[in-house]
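Please examine the sequence and the structure shown below before reading on. The paragraphs that follow lead through them step by step.

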Amino acid sequence: MKQFVKRIALALCMMACFFALTACASANSEVEMLDPQMAAYISQLSEQLTIGVAAIGPEDTETAAYLQKQGETGLSGAVESWQNSYSDTGAFVRVVSSEAGISEEYYTGTVMAQCEKRLVEFKFLFTSSDGQQIDAIDSVSVNPDYTFGEKMVKAAMNTAMGIGTVFCVLVFISLIIYCFRFINPALDSLKNGKKEEAPVVAAAPAPAPAVAPAPAPAAPVASVVEDEGEIQAVIAAAIAAYEADTQAPAVPAYVSSDPLVVRPISHGRRTKKRY
């Protein structure tokens, strides 16, 4: 048990040392890399840009498009963000404070501006190739300072909208599934109706039977027998030839040389004579 507690304490100490070293390194890098003159220049430039962006009212719709065409995407995004949040902030009043810093590869300029309804934070990211001169504006964010109650109200509204959207979609899907019990019978009835109304195709007439060609006339007899006696002789000769072909040949009687003769003997019924 004691070893387990020691291990937990050692792990917590290591985590604390790790975060302390990280914070010290980041603070030292900012102090060493950020020049006071550069910080003053960034703060002054951020204030001027804030005043210029805040001077554009929500009714101005051409400035953002013009900046976008000129390639100033950072300032164009700043103008759009300011116009979108104008209803929550109101008109610009004055600059409260400004500060400069470094974030990875960018110089940062943060300006707190007082507006009619609340404080607004303008945060600029500047790019620099040599570390001594600002090259361009990378991006600008406009963050109104909402109170805790306003944040909770917005969070509740976002949650309600999300849950409401999910339930609306689920109800819609349930209705679609419920309608299937009516859609399928309707489709079946339409299909049956189409089958009944389909025209009956008349059967094609049967082809006419082929007419057999008329028999060719018999060839005429080449020679005509004029004498009736010759006709009778020819007919008699034909009949005799036919009978000779069809008559079965006579089977010769079998003559045996054996003197033994087998004859059937029938025994008659003897009757006694009475005298």
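A residue is called buried when its relative accessible area is under 20%. The model shown here is predicted, and S128 offers a case to which this cut-off applies. S128 lies in the loop between β3 and β4. Its relative accessibility is 19%, and therefore S128 counts as buried. Leaving aside residues up to four places away in sequence, S128 touches Y107, Q133 and D135.

The strands on either side of that loop belong to an open sheet. This sheet has four strands in the order β1-β2-β3-β4, paired antiparallel. At its edges stand β1 (92-103) and β4, each with a single partner strand, so one side of each has no neighbour in the sheet. From one strand to the next, the twist averages 20 degrees. The antiparallel strands β3 and β4 are joined by eight bridges; F122, for instance, has V142 in β4 as its bridge partner.

Helices pack on this sheet. α2 touches β1, β2, β3 and β4, and its direction makes about 140 degrees with that of β1. α4 also packs on the sheet and touches β1, β2, β3 and β4, while its direction makes about 10 degrees with that of β4.

In soluble globular proteins, nonpolar side chains tend to be buried together. The largest nonpolar core here holds 28 residues, of which L49, V53, W82, Y107, F122 and F126 touch the most other members. Elements giving two or more residues to this core include α2 (36-54), α4 (73-84) and β3 (119-127). The most comes from α2, with seven residues. Not counting residues up to four places away in sequence, L49 touches L75, F124, F126 and I137.

Methods: Residues numbered from 1 in each chain as written. Predicted model: local features only at pLDDT ≥ 70, side-chain atom pairs only at ≥ 80, totals over all residues. Heavy atoms only, no water. Core = buried A, V, L, I, M, F, W, Y, C linked by side-chain atoms within 4.5 Å. Buried < 20%, exposed > 50% of the residue type's maximum accessible area, 1.4 Å probe, protein only. Contact = heavy atoms within 4.5 Å. Pairing = 2+ DSSP bridges. Axes fitted to C-alpha atoms, helices over the stretch in contact; angles between N-to-C directions.
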